[in-house]
Amino acid sequence: DLHFADTATVALLRVLVADIEHSHLLIVGSYRDDDTSTGWPLRLELTELRSKSSAVQIIELLPLTLDDVYALLSELLSCTPERVAQLALVLYEKTHGNPFFINQFLVMLHHEGLLRFDFTQESWQWNLAEIQNRQVTDNVATFTLGKIRLLSESTQRILQLAACIGNQFDLETMRLLDSTSPQEIAAAIWDAQHEGLCIPVESSAHTQEDAHTATSRALDRAISFRFLHDRVQQAAYSLMPESEQVLVHLAIAKLLLQRNSGQVEDSVLFELATHFVRGASALHDLGERLQAAQVHLRAGKRAKHAAAFEVAGAYLVAGVELLLDSSWEANYELTFELHIELAECSYLGGQLEQAEAIFEILQSKLRSALDAARLATLRIELYSTKGVMEKALHCGLEALAELEIRFPETPAEHA
């Protein structure tokens with residue numbers, strides 16, 4: 001899924017595609033073409049790659065045609081194309097051939113009794129006039145939002161919490177986040193699954209047992225679910241007030257820490273840092289702020305090592321913003337590390353002016369000659385990149401002097 005690809009992901013894609021020695025590797029990526037700008041990094045990269053290599057192909061997934069909808073309904077409803085012709089036309093006009101929209105619209109019609117199976121006639125029946133009169137937005141996001149709002153308040157609440165967790169969520173986390181009983185959570189997830197909004201990650205999790213029994217067993221087995229589409233997650237997330245989103249994200253971050261006994265594993269590091277970022281405005285306790293800043297520092301370093309400088313910078317900025325004015329005195333090491341890592345990421349990401357501004361802050365706060373040497377090394381690299389060699393030389397000599405290593409600046413001094 002490349003729709004939200006950052007610059008580091010795009011850079012990796014470029015390396016993989018250009019790797020002639022491993023030409024047996026097939027990369028298939030997907031993204032929505034309707035809401036991406038011409039300046040989007042992936043679009044620019046694809047344009048460049050296609051100009052250099054015939055191996056890169058774009059397969060445009062167009063909306064279904066009217067004939068496709070005929071075929072779909074004919075197979076789905078087990079009848080001839082002629083019988084579904086009028087229904088297919090109405091469906092096509094209302095959905096513009098969007099496959100996801102068609103699926104959701106059919107589920108809605110069945111739920112409302114406008115499309116039903118007649119056991120007497122042993123065939124599917126539908127009320128064409130009512131379907132034609134059904135007012136449906138032509139926007140998938142708005143349609144999905146409206147569909148979620150038709151669910152019970154408890155189911156909407158559970159879906160909102162799930163959307164805060166992410167595209168994939170497990171029921172055990174839901175139980176710990178919400179005061180609702182496991183049975184109520186089970187019933188809510190079952191309703192959402194019945195409406196085609198989420199599905200079990202494990203195919204074996206499908207069941208037709210009673211909702212409470214089935215999903216209570218799922219709780220015991222820690223089965224995970226995922227949203228059917230990112231539009232569904234976005235719609236559910238938008239229903240929760242922003243002030244509450246902040247609190248839920250912070251609660252998820254704390255829960256992740258508790259699960260790992262305060263020891264953050266690499267596997268959950270970025271997930272934890274992201275929840276801390278989104279819950280930052282609710283962090284008031286100094287100890288928790290410093291703990292979150294430590295997480296951001298680790299996430300920033302790990303992202304930097306993966307050459308994801310933009311992502312790393314975002315985590316490090318979040319860490320710096322959690323610090324108090326007194327942090328240089330009270331928490332020097334953490335404060336220094338966040339700033340110098342941010343300066344390096346800014347420099348490596350091409351934001352030279354921002355890097356230099358952070359260097360100036362660091363220069364005024366240094367406590368040791370080793371910290372000064374580390375800072376000087378980065379400044380020398382920055383000045384060399386900018387072509388200011390005299391400044392780079394002067395910076396290096398100053399740092400060496402701090403370590404009591406002196407070089408003559410002129411031939412006369414050497415003599």
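The exercises below, each with a worked solution, concern a predicted model.

**Exercise 1.** Determine in which helix Gln-245 is found, and decide whether Gln-245 counts as buried or exposed.

*Solution.* Begin with the position along the chain: Gln-245 belongs to helix H13, which covers residues 242-259. Next take the relative accessibility, which is 11% for Gln-245; because buried means under 20% relative accessible area, Gln-245 counts as buried. Finally look for its partners, and, once neighbours within four places in sequence are left aside, Gln-245 is found to be in contact with Tyr-237 and Met-240.

**Exercise 2.** Describe the second largest pocket by its volume, by the residues that line it and by the division of those residues into nonpolar, polar and charged.

*Solution.* The first step is the volume, which for the second largest pocket is about 480 Å³. The second step is the lining, to which 17 residues belong, and those that lie nearest the centre of the pocket are Ile-165, Gly-166, Asn-167, Gln-233 and Arg-278. Two or more lining residues are given by each of helix H8 (153-165), helix H12 (230-238) and helix H14 (266-278), and the largest share, five residues, comes from H14. In the last step the lining residues are sorted by kind, which gives six nonpolar, eight polar and three charged.

**Exercise 3.** Identify the residues with the most contacts inside the largest nonpolar core, and list the contacts of Leu-362.

*Solution.* Start with the core as a whole: the largest nonpolar core has 98 residues, and the ones with the most contacts inside it are Leu-73, Trp-126, Phe-169, Phe-276 and Leu-362. Helix H18, residues 332-348, gives the most to this core, namely nine residues. Then turn to Leu-362, which, apart from neighbours within four places in sequence, is in contact with Trp-328, Phe-336, His-339, Ile-340, Ala-343 and Leu-375. To complete the picture, there is a second, separate core of six residues, among them Leu-2, Ala-5, Val-10 and Leu-46.

**Exercise 4.** Locate Ala-307 and Glu-404, and state how exposed Ala-307 and Glu-404 are.

*Solution.* Take Ala-307 first, which lies in the loop between helix H15 (286-305) and helix H16 (309-321). The phi of Ala-307 is near 65°, a positive value in a residue other than glycine, and with a relative accessible area of 42% Ala-307 is partly exposed. Glu-404 lies in the loop between helix H21 (389-402) and helix H22 (411-414), and has a positive phi of about 60° although it is not a glycine. Because exposed means over 50% relative accessible area, Glu-404, at 72%, counts as exposed.

Conventions. Residues are numbered from 1 along each chain as its sequence is written. This is a predicted model: local features need pLDDT of at least 70, side-chain atom pairs count only at pLDDT 80 or more; totals for chains, interfaces and linings use all residues. Side-chain values use heavy atoms; hydrogens and water are left out. Helices (H or I, at least four residues) and strands (E, at least two) are DSSP runs, numbered from the N terminus. Buried means under 20% relative accessible area, exposed over 50%, partly exposed in between (1.4 Å probe, protein chains only). Contact means heavy atoms within 4.5 Å. On a 1 Å grid over the protein atoms alone, a cavity is a set of points where a 1.4 Å probe fits but cannot get out, and a pocket is an open set with protein on both sides within 12 Å along at least five of seven lines; lining residues have an atom within 4 Å of a point. Grid points are joined across faces, edges and corners, and a volume is the space filled by probe spheres set on the points. Ala, Val, Leu, Ile, Met, Phe, Trp, Tyr, Cys and Pro count as nonpolar, Asp, Glu, Lys and Arg as charged, and the others, Gly among them, as polar. A nonpolar core is a set of buried Ala, Val, Leu, Ile, Met, Phe, Trp, Tyr and Cys residues joined through side-chain atoms within 4.5 Å.
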